[in-house]
Amino acid sequence: MIIQAHEVYKKIATHPLFEGVSCQVNPSERIGLVGINGSGKSTLLHLLAGQESLDGGTISCKKGLKVGLVEQDLVQTKTTVENYLLASALTLQELKQQLHFYEAQMTDPSVNLDKCLAQYGIIQQTFEEQGGYILEDRLAIILKGLGLYDKQHTPLEKLSGGEQMKVALAKTLLTENDLLLLDEPTNHLDITSIRWLEQFILSGNQSVIVVSHDRAFLDRVTSITWELEDGSLQTFTGNYSRYRTLKIAQEQALQKDYAIQQKEIKRLKAIIKRYRQWGTEGDNESFFKKAKEIEKRLEKLTLVKPPVVIKKRLKAITESNLSGKEVFLVKDLEHCIGDRRLFGPNDFNIYRGERVAILGENGSGKSTLLKLLIGEVIPTQGIVKQGSNLHIGYLPQQLSFPNLNERLLAYTIALTGHEETARRLLAQSGFFQSDVAKRIANLSGGEKIRLYLMALFLKKINVLILDEPTNHLDIYAREEIEEMIRNFDGTLIAVSHDRYFLARHFDTALIINHQQVQRTSDLHLI
């Protein structure tokens, strides 16, 4: 055991987030932590890292445990990425300074050379054991793996939000830790970088707890799953897919036990009512005694809790009439941004009913290609022709609303025309009485996506185009989207880094690689 939580209690304001949570991490274990948004996953990581205080219970760890937690907010500074990361290895930098000090001392004739060499040797051995001599090589490997190598001399303040999150991840990976706490580490990474991170974790000896909505990532790197649900934590042996199998079986068994117990409770209550009726009608005390005995049996029953049912929060897609057979015809397509050519010239077609994934590294032009297809962007050269009778539903990566200060209810009334209909639609989308007065600007990323999809699915659609649809969504919302598109008979085109989503719902890909758009049906690399 390297760290252990016992009967941990944590509340947010006066509301208990979880209570009685107990768990432990052993050396080299890789654990996936799952649960709906708001269940307390990130809070639990911060408690284990010692960055938040407990409201009850204890957390104990082995002496000298080194814990790495990815920072969510980096200091805005002119320091370059490389210097910032090297400086983060504080112990090694201190040892390096001591080595320089003793190297200078050795040139001083007045210093005892033997004593100086002995001290230098001790520090040098510690420096070597902690990876000091390979630090810069290790840094280069991490920067290349995360797609930051060309940014190493860029000041932190000049990086995008996504790039800064990569730097925060790199900082945690660079330091030798006994326990890595990773909160959504695959956000902002393309598929190539995600695969690199998987191999980095699998090749190390450190223990890992990872919170992620990337189910393929969880499948590849974890062998234990913790589930936070309804304020308690449950441990399952196996990766995410194994957890889902065990969870479904558990829920079915629990539902069966609950139904049996409820039937028995109903039967006993009927008997109690009958005995009391007979006692009253016959003025017979023995019937009242029997009723009392059964009531005591009922009081002693350990009630089986019904399975937690997560309500669906997304409305089904309303499909329009069939489109023409040819949905998009692309000829000699070439597109540039300034002096930089994204891709081209290229020819490809997309036909009715196809499910096409757009793949490529970050910055290769995937989102731009979607905008070219729908006519939002004009190509530098070539033709993009839309087929007949297209009714396109488009979810962009960067969502926009007419008025961010508008409240949810007013926004939805404008869509439906009636307050009662608007309230019902919001409730069906997971926005309840306490939510309808919120301003759109105050919604989380996942809530904004749900609101956008709610409006989108009011329209009749036969071509659905999605740009990173699973971003900011918890696993359960992702599964809702998957269920909807599984039943969608129209044409589906999507950009996504969610390999679990891609592997199950797409049979064709357009891969942007080396400025070429290549069509393939071989998706085994996903």
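Start by selecting helix H12 (residues 408-416) and helix H13 (residues 419-428): their axes come within 8 Å and cross at roughly 115°. That angle makes H12 roughly perpendicular to H13. Keep in mind as you click around that this is a predicted model. If you care about handedness, the crossing of H12 and H13 is right-handed.

Now show side chains at that contact. On the H12 side, pick Leu 408, Leu 409, Thr 412, Ile 413 and Thr 416; on the H13 side, the residues they meet are Glu 419, Thr 421, Ala 422, Arg 423, Leu 425 and Leu 426. Colour them by class and you get six nonpolar, three polar and two charged residues for the contact of H12 with H13.

Keep H12 on screen and add helix H14 (residues 445-456). The axes of H12 and H14 come within 11 Å and cross at roughly 15°, which means H12 runs roughly parallel to H14. This crossing, too, is right-handed. For the contact itself, select Leu 408, Tyr 411, Thr 412 and Leu 415 in H12, which meet Leu 451, Met 454 and Ala 455 in H14. How many charged residues does the contact of H12 with H14 have? There are no charged residues here, with six nonpolar and one polar making up the rest. Leu 408 and Thr 412 are worth a label, since you'll find them listed in the contact with H13 and again in the one with H14.

Next stop: a hairpin. Select strand E19 (residues 508-513) and strand E20 (residues 516-520), which pair in the antiparallel sense over five bridges. Asn 513 stands opposite Gln 516 in E20. Two residues lie between the strands of this hairpin, and His 514 takes a positive phi near 50°.

Stay in the loop between E19 and E20, and click on Gln 515, which sits there. Is Gln 515 buried or exposed? Neither label fits, because its relative accessibility of 34% makes Gln 515 partly exposed. Leave aside its neighbours within four places in sequence and show the contacts: Gln 515 touches Arg 341, Leu 342, Phe 343, Gly 344 and Asn 346. Then draw a C-alpha to C-alpha distance from Gln 515 to Gly 365: the two are 150 residues apart in sequence, and the line should read 9.0 Å.

Now jump back to low residue numbers, where an open sheet of three strands has the order E2-E1-E4 and antiparallel pairing. Strand E2 (15-25) and strand E4 (56-61) stand at the edges with a single partner strand each, so one side of each has no neighbour in the sheet. From one strand to the next, the twist averages 20°. Zoom in on strand E1 (residues 3-12), which pairs with E4 in the antiparallel sense over five bridges. To line up the two, label His 6 and Thr 58: His 6 stands opposite Thr 58 in E4.

Last selection: helix H1 (residues 41-48). Six of its eight residues are buried, so H1 is largely enclosed by the rest of the structure. Which residues of H1 are the buried ones? Pick Lys 41, Thr 43, Leu 44, Leu 45, Leu 47 and Leu 48. Finish on Gly 50, which follows H1 and has a positive phi near 80°.

Technical notes:
Residues numbered from 1 in each chain as written. Predicted model: local features only at pLDDT ≥ 70, side-chain atom pairs only at ≥ 80, totals over all residues. Heavy atoms only, no water. Buried < 20%, exposed > 50% of the residue type's maximum accessible area, 1.4 Å probe, protein only. Helix = DSSP H or I, 4+ residues; strand = E, 2+ residues; numbered from the N terminus. Pairing = 2+ DSSP bridges. Axes fitted to C-alpha atoms, helices over the stretch in contact; angles between N-to-C directions. Parallel < 35°, antiparallel > 145°, perpendicular 65-115°, else oblique. Left-handed = near helix turned anticlockwise from the far one by under 90°. Contact = heavy atoms within 4.5 Å. Nonpolar A, V, L, I, M, F, W, Y, C, P; charged D, E, K, R; others polar.
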